[in-house]
Structure formats: C-alpha cells, structure tokens
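Okay, thanks everyone for squeezing in. I'll walk you through one structure, piece by piece, and then we can chat.

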2 protein chains.
Amino acid sequence: VAQAPMSAPDAGVREAARAMKMGALGVQIYTNVAGRPLDNPEFRPFWEAMNKTGTPIWLHPSRGASFSDYQTEQKSRYEIWWTFGWSYETAAAMARLVFSKIMDNYPKLKIITHHFGGIVPMLEGRIGPGWDQIGARTSDEDLQAVAKSLKKRPLRYFKENFYTDTAAFSGKPATICGLSFYPTEKIVFASDCPFDPEKGTFYTRETLKILDGLKLPKTKYKAIMHGNLEKITGRKLVK
Amino acid sequence: VAQAPMSAPDAGVREAARAMKMGALGVQIYTNVAGRPLDNPEFRPFWEAMNKTGTPIWLHPSRGASFSDYQTEQKSRYEIWWTFGWSYETAAAMARLVFSKIMDNYPKLKIITHHFGGIVPMLEGRIGPGWDQIGARTSDEDLQAVAKSLKKRPLRYFKENFYTDTAAFSGKPATICGLSFYPTEKIVFASDCPFDPEKGTFYTRETLKILDGLKLPKTKYKAIMHGNLEKITGRKLVK
C-alpha cells in the first residue's frame with residue numbers, strides 16, 4: 001500500500017496512479033491533512049479520481065499530543081491523544097465524509113478504516129437514533145436540512161459505505177462488537193503488528209485466537225481472512 | 001441526584017453535603033469544569049470529601065460545538081461534538097483521574113460514568129496492551145515513571161474503580177460489549193430517557209428489550225436492575 005501525499009496540489013492523485021501502476025494494492029491517507037478535514041474542497045480531486053479508478057484507500061488515524069483534551073490546556077496528557085484520540089479521529093473523519101456528501105457523490109469509493117472504525121461500533125446508538133435527531137442540538141445552522149439532503153439515514157453509511165479491519169489490540173468484547181456492527185463483507189483481517197508490547201506478533205496471535213475462538217461460519221471466516229480483501233483489491237492473495 | 005457546583009471555591013463540597021442531608025442519592029458533576037480537567041488542584045477538596053463520605057458521584061459528559069475536531073477549524077461540525085465528543089469526554093476524564101492518582105489516593109470514591117463509560121469498552125486493547133507501553137510515544141516527559149507509580153495496571157482501574165450505566169441508546173452490540181468489559185457489580189441500569197427521537201420512553205423500552213433478550217442469569221440481571229445501585233447508595237430502592 002502506497003502513501004498518497006494529500007498535501008500535494010492534486011491531493012496525491014498522480015502518486016496514487018503511479019503506485020497502482022507499480023503494483024500497489026491501494027493507497028494510505030490520514031484522517032486529517034496537517035489539521036485539515038478530508039472534506040475540504042482541495043481534496044475533491046482525490047475523491048473524484050479514487051471513485052473513478054476504484055483504488056482502495058486505507059484511512060489511518062493521525063493525532064499528536066498537541067491536540068488537547070481540555071479547552072484550558074495546550075496539550076493532551078498521558079498519551080490520551082493516542083489511546084482515545086486516534087479512534088476519535090477515525091470516527092470524526094467518517095462523519096465528515098458522510099455529512100459533506102462525499103460518500104453520496106462518490107459512491108464507488110473503497111475506504112478501509114482501521115480498528116473496526118475506532119469507537120464507531122460502541123456508539124451505534126448515538127450514530128443511529130442520536131443522529132436521527134441532528135439539528136435538535138444546534139441553533140446557528142440548519143443541520144436537519146443537511147441530514148434530509150443525504151440519500152439515507154446517517155447510521156447506514158457507517159455500516160454500508162466503509163470497509164474496516166479487525167485490529168482491536170486483543171480486545172475480545174470489542175472484536176465481537178465490531179463483528180456484530182458491520183456486515184461481514186465489509187470486514188478484513190488486520191492486527192496492528194508489530195506495535196504490541198513485545199514489538200512482534202502478540203497482536204497477531206491474540207487477534208487470531210479471538211477470531212478462531214468465535215467459531216465463525218467457515219465462509220464468514222474466510223471472507224474476513226482474505227476473501228473480502230481479494231474482492232476489494234481485485235487480486236488473488238491466497239493460493 | 002443533586003448538582004454539585006464544582007466552580008465554587010470549595011468545589012461543591014458544602015452543596016453536596018447539604019443535598020445528601022436532604023435525601024439525595026448522590027451528586028452529579030461534569031467531565032470538565034468550564035474546560036478544566038477534574039484532576040486540577042482546585043478540585044482536590046471535592047475528591048477528598050467524597051472519598052470520606054462515600055457520596056456517589058454521577059459523572060456526566062459535557063462538550064459543545066466550540067470544541068473543534070480539527071486543528072484548522074474553530075468549531076465541531078454536524079454535532080460530532082455530541083455524537084463522538086461526549087463519549088470521548090467520559091473516557092478522557094476517567095484517564096485523568098487514573099493517571100493523576102486520584103483513584104489511588106481516594107480509593108473509596110464511588111464514581112458512576114454514563115453510557116458504559118462511552119468509548120472505553122471498545123478500546124480495551126488500547127487501554128490494556130496499548131497503554132502498557134505508555135511513554136514509548138512521548139519524549140518530553142517520563143510517562144513510564146507515572147505508570148510505574150500507579151498501584152496497578154491502567155486497564156484495571158477502568159474495569160475495577162468506576163461504576164457505569166447501561167445507557168447505550170438502543171445499541172445491542174455496544175450493550176453486549178459493555179456488559180463483557182465491566183464486572184457485573186459495577187453496572188447499573190440507565191436508559192437516557194427521555195432523550196430519544198420520541199422524546200419519551202423509546203430508549204427505556206429498547207434498553208430493557210436488549211437486556212431482557214440477553215437472558216442474563218437472574219442474580220446478574222437483578223444486580224444491574226437495582227441491586228448494585230442499592231449497594232452504591234446504601235438505600236433500599238425496590239420493594
């Protein structure tokens with residue numbers, strides 16, 4: 001997977017094309033571009049090109065300690081920016097892609113979020129009936145009109161318009177929650193190797209142990225392990 | 001439950017005492033006090049008094065649109081501050097109470113977080129093996145020393161030192177995840193009534209339907225429904 005430089009004037013479109021020609025399976029981008037949201041107008045050429053080519057896009061969270069957790073502070077303490085911030089980033093980026101209508105306007109986008117979309121599965125109720133009431137908490141903008149202009153209910157985009165991966169850092173209840181939230185065809189295996197305490201295969205072993213222990217139907221298991229990624233990339237990956 | 005005014009010079013200690021004398025079951029505070037984190041020194045009198053009296057404390061998230069999701073923007077769009085921000089607030093506040101050693105120094109605190117602690121159960125892997133590596137991502141401060149000075153592994157505080165409630169806004173996978181993450185004795189029933197799309201009992205009905213449908217062991221079910229809250233408050237609540 002190649003890195004697409006979103007800060008380039010064409011938002012990485014040429015580099016994505018070059019990488020795909022060289023055999024890349026897709027491109028990686030981050031949840032923000034130097035602090036800018038992905039629905040900013042300068043990134044439209046990227047979404048348009050990726051929609052046209054069907055290039056898989058891995059969407060990785062990005063945040064540092066300079067993103068404070070409290071309005072009276074200048075930095076995030078105790079690495080909260082990583083533990084909670086990265087997962088927040090993923091969810092916020094998905095929301096921006098939904099409400100800005102990028103998902104409606106470019107329906108062939110193949111975006112793969114990491115870590116089961118971060119906090120998304122746990123917040124199904126807020127994204128569902130909570131966001132069905134969008135606008136009720138806002139008086140300086142007509143957010144009900146925004147929601148009405150979407151093609152479907154906000155929650156459906158989160159379930160149906162994004163792919164996601166299983167990297168939950170050995171969290172078993174979290175894995176079950178993620179598997180229940182997303183349709184099977186949206187889920188691909190990942191484990192965040194080698195960023196575990198051993199700097200090796202701990203997360204891979206644990207993720208496999210959890211998935212194997214769930215005794216998923218064989219077709220579902222194979223789809224998650226490689227079948228879905230083969231469909232997304234159009235490549236045979238396992239013999 | 002009475003509101004404890006944390007902005008008062010004694011951080012609401014007197015009001016909490018007055019309310020409890022009048023028969024309140026506990027006090028409510030917010031995850032930040034006008035943007036300030038709960039581990040600021042001015043709130044120590046509150047933690048000390050609540051630890052001494054064993055007063056139950058409901059910890060409610062608080063955040064508005066002025067808390068931006070991107071460093072290049074001034075406000076949070078599409079009510080992301082509510083949908084994701086409130087749950088982030090809860091997790092961040094818990095982390096600050098843990099790493100500042102408030103939970104170590106005041107071990108009798110009875111803090112009840114809402115909504116299964118927001119995003120906490122989904123992020124078990126980050127709070128666990130992820131935060132076991134605290135310091136590895138930080139060079140301007142010795143966070144490993146902070147973690148070593150704690151009485152136990154960070155993850156254990158999140159599971160063992162907080163109570164939580166079942167308000168998941170009709171999210172079934174989320175409810176299962178929350179119930180799996182926390183020990184039974186830490187969970188109390190709640191439904192966020194009446195903030196549902198009907199402005200009535202929808203969340204209550206759905207939360208009951210989910211919990212009833214899980215066919216929990218009778219003792220576990222009763223504990224969540226009222227037994228745990230009776231223990232926390234020291235009051236007989238159900239005849």
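**Sheets, helices and a pocket**

Let's start inside a sheet: D165(B) has V188(B), in strand 6 of chain B, as its bridge partner. Before I go on, the small print: this is a predicted model, where local features need pLDDT of at least 70 and side-chain atom pairs count only at pLDDT 80 or more, while totals for chains, interfaces and linings use all residues. Residues are numbered from 1 along each chain as its sequence is written, chains are lettered from A and ligands numbered from 1 in the order in which they are written, and side-chain values use heavy atoms, with hydrogens and water left out.

Back to that pair. Strand 5 (residues 163–165) and strand 6 of chain B run parallel and are joined by two bridges. By strands I mean DSSP runs of E, at least two residues, and by helices runs of H or I, at least four, numbered from the N terminus. Two strands pair if DSSP finds at least two bridges between them. The whole chain B sheet is open and parallel, with six strands in the order 1-2-3-4-5-6. Strand 1 (2–3) and strand 6 (187–188) of chain B are at the edges with a single partner strand each, so each has one side without a neighbour in the sheet. Lying across strand 2 (27–30), strand 3 (56–60) and strand 4 (110–113) of chain B is helix 2 (residues 44–53), at about 150° to strand 2. Angles run from 0 to 180 degrees between N-to-C directions, and axes are lines fitted to C-alpha atoms, for helices over the stretch in contact.

Over to chain A. Its six strands also form an open parallel sheet, ordered 1-2-3-4-5-6. Two bridges hook strand 1 of chain A up to strand 2 (residues 27–30), and there A2(A) has V27(A) as its bridge partner.

So how do helix 9 of chain A and helix 9 of chain B pack? Their axes are 9 Å apart, at an angle of about 175°. That makes the two helices roughly antiparallel, because angles over 145 degrees count that way (under 35 is roughly parallel, 65 to 115 roughly perpendicular, the rest oblique). In chain A, the residues in this contact (heavy atoms within 4.5 Å) are P173(A), A174(A), C177(A), S180(A) and F181(A). The contact residues divide into eight nonpolar, two polar and no charged. Nonpolar here is Ala, Val, Leu, Ile, Met, Phe, Trp, Tyr, Cys and Pro; charged is Asp, Glu, Lys and Arg; the others, Gly among them, are polar.

Next, the largest pocket, with about 570 Å³ of space. A pocket is an open set of points on a 1 Å grid over the protein atoms alone, where a 1.4 Å probe fits, with protein on both sides within 12 Å along at least five of seven lines; lining residues have an atom within 4 Å of a point. Points join across faces, edges and corners, and the volume is the space filled by probe spheres set on them. There are 29 lining residues, and H115(A), S191(A), D192(A), C193(A) and F195(A) lie nearest the centre. Helix 11 of chain A gives the largest share, four residues.

Last, some backbone oddities. Most peptide bonds are trans. The one from C193(A) to P194(A) is cis, omega near 5°, and P194(A) sits in the loop between strand 6 and helix 10 (202–213) of chain A. In chain B, C193(B) and P194(B) are joined by a cis bond too, with omega about 5°.
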